[in-house]
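Trainee: Could we go through this structure together, with each term explained as we meet it?
Mentor: Yes, let us begin with the terms and then set the values against them.
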Amino acid sequence: MAHCVVPEAEAVLDREFPVLDKGFVRLVDYMGTDERVVQSARVSYGDGTKSVRQDAALIDYLLRNSHTSPFEQVILTFHVKLPIFVARQWIRHRTARLNEISGRYSVMKDDFYIPAPEDLALQSADNKQGRRCEALDPALAEKIRAGFDEGQKNAYSVYSSLVDDGLARELARINLPLSLYTEWYWQIDLHNLFHFLDLRLDDHAQKEIRLYAQALFGIAKKVAPLCCESFQRHILGGVRFSGEELAELRNRLDKNDAAANTGSGLEGKALERFEEKIKSGRQL
Ligand SMILES: Cc1cc2nc3c(=O)[nH]c(=O)nc-3n(C[C@H](O)[C@H](O)[C@H](O)COP(=O)(O)OP(=O)(O)OC[C@H]3O[C@@H](n4cnc5c(N)ncnc54)[C@H](O)[C@@H]3O)c2cc1C
């Protein structure tokens, strides 16, 4: 079978999934599905298609054992509209191919991101790269939003006048803020999309890019549901231990086994450190 088509993916082709106040993610095209992953994995020993259960087991095996190349056989192309500060984080993922709207060629649209009131929060005290969980007082949030709006309107008005006065667009744009929306076509294979999602669905990633990652993952699930389920179980839902932690864990479990035999098993507190780590695993 050469060309893989999935009805669920066909149904979302060209549909804009809204993200943030004015952004979106849209699946432009896809090549390959779960089927392509198993076909390409089996090519080495000329084995044909098996049952869905066997395919799922093979995908699980490949994913858990970092046999990544079959996942690179699935390609997704997205059209994304996103604020420039999100684009700056996104562009760090070098394994995709992209083409962005040119602010030298086109006049930039008057589209800026303003966070919803509930997304405005103070600087986190314990995470230098993040915000607090508690939202701001609504009156203060509205004042900040009005300030963003005013600054964006001023910046765009100066930009428009400069363009109207004939200044080159590549220069007129340089005072536009990071909240301005840009657009690009972004093409990536499934293996590298999983790497992107692993990093950007994480709680440590900024909320705005996390929302885009969630939209991408939702679409990827339509294209390759078994692969996405396996990724969710083994990578997103997994926890990694260092060699030191693993040795400690083994040691404590051995002691626990020995103590259990004498009826004096360890208190739950003894495994607190590991429980903490397990609890810190991502909840999706
Ligand atoms: C929560 C968070 C906070 C971050 N904070 C910062 C920050 O403060 N400052 C900052 O600068 N960045 C920051 N980053 C970006 C981060 O350091 C990575 O650049 C980004 O996540 C892309 O990861 P990557 O290189 O693994 O991905 P990709 O570019 O997709 O690469 C995937 C893998 O391919 C290999 N690879 C790809 N291209 C090359 C290459 N040219 N040379 C060698 N190997 C290559 C690497 O093994 C890499 O892991 C942050 C990222 C996250 C998720």
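Mentor: Contact means heavy atoms within 4.5 Å, and helices are DSSP runs (H or I, at least four residues), numbered from the N terminus. This is a predicted model, in which local features need pLDDT of at least 70, side-chain atom pairs count only at pLDDT 80 or more, and totals for chains, interfaces and linings use all residues. Residues are numbered from 1 along each chain as its sequence is written, and side-chain values use heavy atoms, with hydrogens and water left out.
Trainee: What do the buried residues of H3 pack against?
Mentor: They pack against helix H2 (34-42), helix H7 (190-200) and helix H9 (225-236). Those buried residues are Asp55, Leu58, Ile59, Asp60, Leu62 and Leu63, where buried means under 20% relative accessible area, exposed over 50%, and partly exposed in between (1.4 Å probe, protein chains only).
Trainee: Why is alanine 168 called partly exposed?
Mentor: Its relative accessible area is 34%, and partly exposed covers what falls between under 20% and over 50%, so alanine 168 is partly exposed. Alanine 168 sits in the loop between helix H5 (138-164) and helix H6 (169-172).
Trainee: What makes the approach of histidine 195 to the ligand a polar contact?
Mentor: An N or O atom in the side chain of histidine 195 is 2.6 Å from an oxygen atom of the ligand, and a polar contact is a pair of N or O atoms within 3.5 Å, so this pair qualifies. A polar side-chain atom of threonine 95 lies 3.1 Å from a ligand oxygen atom, which also falls within 3.5 Å.

Terms used
Polar contact = N/O pair within 3.5 Å; in protein donor to acceptor, adjacent residues only side chain to side chain. Helix = DSSP H or I, 4+ residues; strand = E, 2+ residues; numbered from the N terminus.
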